[in-house]
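Visitor: Could you pick one part of this thing and walk me through it up close? I'd like to know what it pairs with, which way its side chains go, and what sort of chain it sits in.

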Amino acid sequence: MKDFWKRFSQNRGAVVGLVILLLVVILSIVAPFIFTKSPWAMVQRPFIPPFTMDAFVLGTDPMGRDLAAGLAHGARVSLLVGLVSTVVSLLIGIPIGAIAGYFGGWVDDLLMRFTEFFQSVPSFALAVVLVAIFQPSIYSIVISIAVVSWPPVARLLRGEVMSLRSREFVEAAVLSGQTHSTIIWRQILPNTISPIIVLASMMVAAAILIESSLSFLGLGDRNIMSWGYIIGAGRTVIRQAWWVSFFPGLAILLTVLALNLVGEGLNDALNPRLARKGR
Amino acid sequence: MRRLISASLALFMTTTAAFAQAVPGGKLNLIVQPEPPSIMIGTTTNGPALLVGGNIYESLLRYDENLKPEPSLAKSWTVSDDGLTYTFTLQDDVKWHDGKPMTSADVLFSANDYLMKMQPRHRNLMTHVESVTAPDDKTVVFKLKEPFEAFIRGLAFYTMPVLPKHIYEGTDYATNPANDKPIGTGPFKFDEWKRGSYIHLVKNPDYYVKGKPYLDELYYQVIPDGASRSVAFETGNIDVVPGGSVENFDIPRLKDLPNTCTTEKGWEYFAPLSWLWLNNRKAPMDNVKFRQAVMYALDREFAKDVLWNGYGKVATGPLSSKLPFYKDVEPKYPHDVEKAKELLKEIGYDGKPLKLLPLPYGETWQRWAEAVKQNLEEVGIPIEIEAADVAGWNQRTSNWEYDIAFTYLYQNGDPAIGVDRNYKTSQIAKGNPFNNVEGYSNPELDKLFDEAAVAYPASKRQELYDQAQKKLQEDVPVAWLLELGFPTIYNCKVQDIVTTASGLPESMRDAWIKK
């Protein structure tokens with residue numbers, strides 16, 4: 001653990017990313033305590049510029065809603081959507097990749113063709129279609145993000161499992177009479193965790209971007225204030241009130257950047273040999 | 001004794017409205033959005049078609065901002081004392097754009113033949129009419145089955161345009177080649193239509209009102225992109241932006257440009273009124289106190305000022321204040337959170353969440369749904385906003401699959417035409433999003449509306465409509481929001497840009513450019 005932290009902190013960017021990410025997480029946790037009112041509440045006159053009123057630091061949007069409250073509550077939505085959809089896509093991708101890599105042969109062929117089918121459709125276009133078909137709601141958004149982002153997980157895991165499959169410790173396990181599922185669960189998967197963690201951190205970032213883009217296009221959940229929604233609603237008044245689109249845009253940028261930096265740091269920390277090769 | 005409505009008085013009034021002396025000449029660039037499929041308004045009656053076609057075709061009457069009839073193709077008219085016989089005398093020397101004279105035969109052809117086949121709105125009006133006859137070339141007589149006072153407001157250019165008999169008689173109306181090169185009697189003649197680019201109209205030099213029109217040319221520019229439309233006005237390529245043709249959020253920016261004027265006039269005939277359908281068939285919307293609580297909960301002033309840029313007016317009840325027979329009666333519902341909470345407590349509302357269906361007409365309506373949700377949640381009614389496209393909205397409202405839904409409808413000049421359809425029991429029918437969608441049924445009110453439609457003269461109708469408005473405002477079958485205002489934005493050099501109740505389509509004959 002100490003080693004891990006040492007290697008991680010060698011990557012300055014990763015530390016900065018981690019700090020930003022922690023701030024966003026803290027913000028999303030304390031949001032309901034600082035901004036007790038609903039972010040949809042119309043609390044002041046519309047179009048108050050930022051840094052002019054202490055009570056509304058970031059100003060108000062075209063409806064007189066507190067932008068700071070919207071950002072804080074939006075952080076929860078963005079992080080939640082990012083995490084949940086990543087977990088769901090891992091739940092789809094890991095079994096498919098593991099089974100394909102472990103058994104090989106026609107099972108592998110079948111599962112990989114299925115995966116390629118999803119990979120060949122542009123992922124954002126597919127997400128838009130899915131959300132439009134299932135009516136925009138937080139559930140349909142999470143599901144559609146998961147559906148478009150699991151194929152890389154499956155591909156990655158298949159490769160990892162294939163290389164582990166021929167190692168001696170796996171062969172030993174086979175000889176000792178362990179069942180397939182025990183071997184996959186106990187012997188192989190634990191050894192694939194580090195690349196999965198790295199990939200997952202990137203996937204959270206990608207999921208946040210997809211959710212924001214969907215909301216921006218008006219395909220978000222109508223009852224949930226997310227960053228993408230605020231930008232989409234602010235887009236129409238960008239010439240009168242730049243701040244409505246700017247601050248949530250900045251928030252998305254920072255969060256996604258932070259996640260990518262952390263992902264790189266994790267990569268360094270978890271695969272020390274690979275990392276040094278890269279330098 | 002016959003009551004003669006003087007044409008000269010009306011003419012006098014329109015001329016005094018123009019303070020300065022009108023000067024002839026010049027051209028105007030207007031926006032037409034979206035590009036209409038046709039400008040032959042006998043068959044195509046959507047807004048953009050009317051905007052252009054209203055310069056080419058005319059009807060017997062036009063209407064001032066109080067919906068008082070004024071002469072158009074009819075120079076004078078009389079109504080018999082029993083309200084059953086309307087006699088119109090036509091203008092002298094009216095010629096079609098191809099040079100043929102316009103006579104009562106054309107009016108007869110339009111009313112009895114062409115429009116009966118092509119326009120449902122005209123057919124509805126004609127259900128009150130026994131016969132249309134022409135004793136001579138200059139006279140047309142409408143005999144009614146019952147005294148239907150609203151009839152006098154049913155002769156506008158888009159309900160009963162007078163069409164050329166010599167071109168259409170005996171042809172297939174829908175495919176007649178003249179539809180692409182319309183021939184009317186109006187102040188402007190059709191010149192050219194470059195699809196996707198512009199429609200060009202030119203002055204009719206033989207127009208029967210001497211000296212009019214003042215303008216030489218009209219260009220109706222087609223600009224499909226919303227942002228480009230705003231920019232075209234900003235750069236001066238467009239002189240007139242008709243109401244509703246730029247996005248609501250662009251209006252504050254445009255109206256603050258130098259040398260830019262706006263007017264809300266010209267929507268008196270359509271009188272668009274917005275409201276929330278409250279599904280009266282479902283609990284808790286079946287409870288009148290709940291519906292009243294909704295009315296108290298809504299902050300409609302806010303919606304007007306913030307979402308509609310201050311245009312429009314908070315509705316008091318079922319009739320727009322622009323409509324004849326409107327009365328400012330009690331009860332009214334100011335924004336009162338405490339009262340709304342009290343009413344909800346009284347009926348023991350359980351806090352069951354309700355679904356709100358916004359109108360899928362763009363950003364303003366989406367924001368409005370968010371504001372209404374906020375208003376209702378403030379008094380303790382949890383709201384979930386649903387998502388629907390235009391087709392979905394139509395389907396849900398017309399099949400009554402909603403709790404609360406946004407809408408707005410035109411009131412078309414008379415409560416018997418554009419209002420009672422939303423409240424009478426006989427108008428409850430699935431499959432139509434414009435009738436009694438809320439499912440309100442009150443025999444007492446049905447009777448009032450039925451009597452008011454055929455009462456004569458107008459003063460008798462007023463009494464009945466006063467009662468109907470009061471009754472409806474007590475029962476709140478729907479939650480009335482705003483009388484919508486769609487401002488026309490134009491370069492201040494253009495004078496007399498709106499001179500009738502239907503606005504731009506009819507007013508170009510009076511418009512002129514200050515030098």
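Guide: Let's start with a term: two strands count as paired if DSSP finds at least two bridges between them. Keep in mind that this is a predicted model. My pick is strand S6 of chain B, residues 85-90.

On one side, S6(B) is joined to strand S5 (residues 74-79) of chain B by five bridges, and the two run antiparallel. If you want one pair to click on, take B:Ala74, whose bridge partner in S6(B) is B:Leu90. Five residues sit between the strands of this hairpin, and one to check on your Ramachandran plot is B:Gly83, with a positive phi near 75°.

S6(B) has another partner, strand S8 (residues 139-144) of chain B; that pairing is antiparallel too, over five bridges. Here B:Thr85 is matched with B:Lys143 in S8(B).

Now the side chains. In a regular strand they alternate between the two faces of the sheet. In S6(B), the covered face holds B:Tyr86, B:Phe88 and B:Leu90, while B:Thr85, B:Thr87 and B:Thr89 make up the uncovered one. So B:Leu90, the bridge partner of B:Ala74, belongs to the covered face, whereas B:Thr85, the one bridged to B:Lys143, belongs to the uncovered face.

Zooming out to the whole chain, there are 16 helices and 22 strands in chain B. Its radius of gyration is 24 Å, close to the 24 Å the globule rule gives for 515 residues, so chain B is as compact as a globular protein of that length. Along the principal axes, its C-alpha trace spans about 70 × 55 × 45 Å. Of those 515 residues, 48% count as buried. If you're thinking in contact maps, look at pairs at least 6 apart in sequence: 71% of those contacts in chain B join residues at least 24 apart.

What about the nonpolar packing? The largest nonpolar core has 145 residues, and B:Leu218, B:Leu276 and B:Ala293 are among those with the most contacts inside it. Helix H8 (residues 288-297) of chain B gives this core its largest share, six residues. Setting aside neighbours within four places in sequence, B:Ala293 touches B:Ala340, B:Leu343, B:Leu344 and B:Val379.

Last stop, the other chain: 14 residues from chain A and 14 residues from chain B make up the contact. The chain A side has seven nonpolar, five polar and two charged residues.

Key. Residues are numbered from 1 along each chain as its sequence is written. Chains are lettered from A and ligands numbered from 1 in the order in which they are written. This is a predicted model: local features need pLDDT of at least 70, side-chain atom pairs count only at pLDDT 80 or more; totals for chains, interfaces and linings use all residues. Two residues are in contact if their C-beta atoms, placed from the backbone, lie within 7 Å. Ala, Val, Leu, Ile, Met, Phe, Trp, Tyr, Cys and Pro count as nonpolar, Asp, Glu, Lys and Arg as charged, and the others, Gly among them, as polar. A nonpolar core is a set of buried Ala, Val, Leu, Ile, Met, Phe, Trp, Tyr and Cys residues joined through C-beta atoms within 7 Å. A residue is buried if 20 or more other C-beta atoms lie within 10 Å of its own, exposed if 12 or fewer, and partly exposed in between; C-beta atoms are placed from the backbone. Helices (H or I, at least four residues) and strands (E, at least two) are DSSP runs, numbered from the N terminus. The radius of gyration is taken over C-alpha atoms; the globule rule is 2.2 Å times the number of residues to the power 0.38.
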